[in-house]
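This report covers helix packing, aromatic pairs and charges over rings in one structure. The sequence and the model are shown first.

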Amino acid sequence: MPRANREGKVWTREELILAIGLYFVMPWGRIHSHAKEIKALSRLMRRSPGALAMKMGNIGRLDQRLAKRGVGGLSHGGKTEALVWNEFEKRREDLIAEYNRIRMGLGGRSLPLEDD
């Protein structure tokens, strides 16, 4: 079972899909709590921008593209985010479709499908 954060709110699979979807279209150096994309998505998710940025940093530890550049993500993270990452890492179009379905359900805009 996923572990709760300090406030006791567990990250759901849908929230992880949103975080991973945004991770794939944002440059690594722009992932921080003051980024407008992170602020907008965190409002829809009812999470703080810091929590979303931290989760995206945790996701970075799974990204072999970063590792090949000698860059590492944050060293902590949960098993659930690794499972969701592995499910969608090679299926980017499916991830974006799922991201858009979830985000539209929250009243947000869709995410354009972009190359790395």
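How do the axes of helix H1 (residues 13-25) and helix H3 (residues 49-60) cross? In this predicted model, the two axes come within 10 Å and cross at roughly 70 degrees. Angles of 65 to 115 degrees count as roughly perpendicular, and H1 and H3 are therefore roughly perpendicular to each other.

On the H1 side, the contact is made by Leu16, Ala19, Ile20, Leu22 and Tyr23. These residues meet Leu52, Lys55, Met56, Ile59 and Gly60 in H3. By class, the residues of this contact are eight nonpolar, one polar and one charged.

**Aromatic pairs**

A pair of aromatic rings is described by the distance of the centres and the angle of the planes. The structure holds four aromatic pairs, and two that involve Tyr23 are listed here.

| Ring pair | Centre distance | Plane angle | Class |
|---|---|---|---|
| Tyr23 and Phe24 | 5.9 Å | 70 degrees | edge-to-face |
| Tyr23 and Trp85 | 5.8 Å | 75 degrees | edge-to-face |

The pair of Tyr23 and Trp85 ties together parts that are 62 residues apart in sequence, because Tyr23 lies in helix H1 and Trp85 in helix H5 (residues 79-88). Ring pairs also link Tyr23, Phe24, Trp28 and Trp85 into a cluster.

Are the rings in these two pairs buried or exposed? Residues under 20% relative accessible area count as buried. Tyr23 has a relative accessibility of 3% and so counts as buried. Phe24, at 5% relative accessibility, is buried by the same criterion. Trp85 is buried, as is Tyr23.

**Charges over rings**

Which charged end sits over the ring of Phe24? That of Arg92 does, 3.7 Å from the ring centre. Phe24 thus appears in two settings: its ring pairs with that of Tyr23, and the charged end of Arg92 sits over it. At Trp11, the charged end of Arg47 sits over the ring, 4.1 Å from its centre.

**Ser42 and its contacts**

Arg47 is also one of the residues in contact with Ser42. Ser42 is found in helix H2 (residues 36-45). With a relative accessible area of 1%, Ser42 is buried. Leaving aside neighbours within four places in sequence, Ser42 is in contact with Arg47, Ser48, Pro49 and Leu52. Leu52 also belongs to the H3 side of the contact with H1.

Methods: Residues numbered from 1 in each chain as written. Predicted model: local features only at pLDDT ≥ 70, side-chain atom pairs only at ≥ 80, totals over all residues. Heavy atoms only, no water. Helix = DSSP H or I, 4+ residues; strand = E, 2+ residues; numbered from the N terminus. Buried < 20%, exposed > 50% of the residue type's maximum accessible area, 1.4 Å probe, protein only. Contact = heavy atoms within 4.5 Å. Axes fitted to C-alpha atoms, helices over the stretch in contact; angles between N-to-C directions. Parallel < 35°, antiparallel > 145°, perpendicular 65-115°, else oblique. Nonpolar A, V, L, I, M, F, W, Y, C, P; charged D, E, K, R; others polar. Phe/Tyr/Trp six-rings, centres within 6.5 Å; stacked < 30°, edge-to-face > 60°. Lys NZ or Arg CZ within 6 Å of the ring centre and 35° of its normal.
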